[in-house]
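Here are some exercises to help you find your way around a structure that may be new to you. Have a look at the model first, then try each task before reading its solution.

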Amino acid sequence: MNNVLDIKSKKGFICDMDGVIYHGNQILPGVREFVEWLQKENKRFLFLTNSSERSPLELRQKLLRMGLDVGEEHFYTSALATAHFLKTQKPNCTAYVIGEPGLLNALYEQGIIMNDVNPDYVVVGETKNYNYENIVRAVRYVFNGAKLIGTNPDMTGPSENGIVPACRALVSPIELTTGKVAYYLGKPNPLMMKSGIKILGVAPEDAVIVGDRMDTDIIAGVESGIETVLVLSGVTTPEILQKFPYRPSYIYDGVGDIISGKTADI
């Protein structure tokens, strides 16, 4: 395990949100102090979230309701990464989308047109408006040649009421029915990490990624040459941690302990 002084001297912090900053609409312990420390120390920081439901403006408003004032420029979502990818792959393409306004708005802003007849892509993100009709239509479009895209590969996610299905779980019925495997943006996709580092404006060796998932946040850092912080406030438990062949650079119970240096007792 590395020394706490090492992490506090980093110039840039890439932070996940769900399970790190909040569960649902409940801010997690120590988060306020951590964000205030980032701002006071003039650290470069970016909330890099696999969630595609909200836009940066909506995420800013959500944190404001929790008492945290963070500018829109500090957020980058899997929805933005997905929209950028589609624009670079096929400008002015069309898509059938299962998702929330954050995803739809990101696609609109990149000139991607909604199409429920013969779309180029079927794009799936987290949503509460998920039903059998959505699945049937998505399956039909994929059978007709549409490419299947998932905003992120998370199978589950944390909430105020426990673990809930996430993007990959919603894409799974479409994959199983069509025999097609989706392409997933979001962490640990290198495209997402490259965008995050570019926005952050620091070298990988001067950055650290803070997350609650071994299979997205921590592996993303390991494969990108960025030191990693695992917090046990979200999906990963000490028992789950032991199942992976790679380890985080640091382990804390929550982000507030980054400041105090109190590592997790595991």
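**Exercise 1. Find how many salt bridges the model has, then examine the one between E227 and K10.**

Solution. Keep in mind that this is a predicted model.

Step 1: The count comes to 9 salt bridges.

Step 2: In the bridge between E227 and K10, the closest N and O atoms are 2.7 Å apart. A salt bridge needs a side-chain nitrogen of Lys or Arg within 4 Å of a carboxyl oxygen of Asp or Glu, so this pair counts.

Step 3: Now place the partners. E227 belongs to strand 14, while K10 sits in the loop between helix 1 (4-8) and strand 1, so the bridge ties together parts that are 217 residues apart in sequence.

Step 4: Check how exposed each partner is. E227 has a relative accessible area of 22% and is partly exposed. K10, at 11% relative accessibility, counts as buried, because the limit for that is under 20%.

**Exercise 2. Work out which salt bridges R137 forms with D116 and E133, and where the partners lie.**

Solution. Step 1: R137 meets D116 in a salt bridge of 3.2 Å, N to O. R137 is in helix 6 (residues 132-143) and D116 is in the loop between strand 7 (113-114) and strand 8 (121-124), so parts 21 residues apart in sequence are tied together.

Step 2: R137 is partly exposed, at 22% relative accessible area. D116 is partly exposed too, at 46%.

Step 3: R137 also bridges to E133, with the closest N and O atoms 3.9 Å apart. Both R137 and E133 lie in helix 6, 4 residues apart, which is about one turn of the helix.

Step 4: To finish, look for a network. D16, K187 and D217 are joined into one by salt bridges that share partners.

**Exercise 3. Describe the largest nonpolar core and the surroundings of V210.**

Solution. Step 1: Start with a general idea. In soluble globular proteins, nonpolar side chains tend to be buried together.

Step 2: Here the largest nonpolar core has 30 residues, and F13, F47, L63, V210 and V229 touch the most other members. Elements giving two or more residues to this core include strand 1 (12-15), helix 3 (56-65) and strand 14 (227-231). Helix 2 gives the most, with 5 residues.

Step 3: Leaving out residues up to four places away in sequence, V210 touches F13, I14, C15, D16, V20, V229, V231, V255 and I258.

Step 4: Apart from this core lies another one, of 17 residues, with I98, V139, Y141 and V142 among them.

**Exercise 4. Describe the two largest pockets: their volumes, their linings and the elements that supply them.**

Solution. Step 1: The largest pocket holds about 600 Å³ of space, and the second largest holds about 230 Å³.

Step 2: Of the 31 residues lining the largest pocket, D18, E53, E126, P158 and V164 lie nearest its centre. The largest share of this lining, 4 residues, comes from strand 10. By class, the lining has 7 nonpolar, 11 polar and 13 charged residues.

Step 3: The second largest pocket is lined by 14 residues, and Y76, L80, A106, E109 and Q110 are nearest its centre. Helix 5 supplies the largest share, 4 residues. This lining has 6 nonpolar, 6 polar and 2 charged residues.

Methods: Residues numbered from 1 in each chain as written. Predicted model: local features only at pLDDT ≥ 70, side-chain atom pairs only at ≥ 80, totals over all residues. Heavy atoms only, no water. 1 Å grid on protein atoms, 1.4 Å probe; cavity = no way out; pocket = protein on both sides within 12 Å on 5 of 7 lines; lining within 4 Å. Points joined across faces, edges and corners; volume = space filled by probe spheres on them. Nonpolar A, V, L, I, M, F, W, Y, C, P; charged D, E, K, R; others polar. Core = buried A, V, L, I, M, F, W, Y, C linked by side-chain atoms within 4.5 Å. Buried < 20%, exposed > 50% of the residue type's maximum accessible area, 1.4 Å probe, protein only. Contact = heavy atoms within 4.5 Å.
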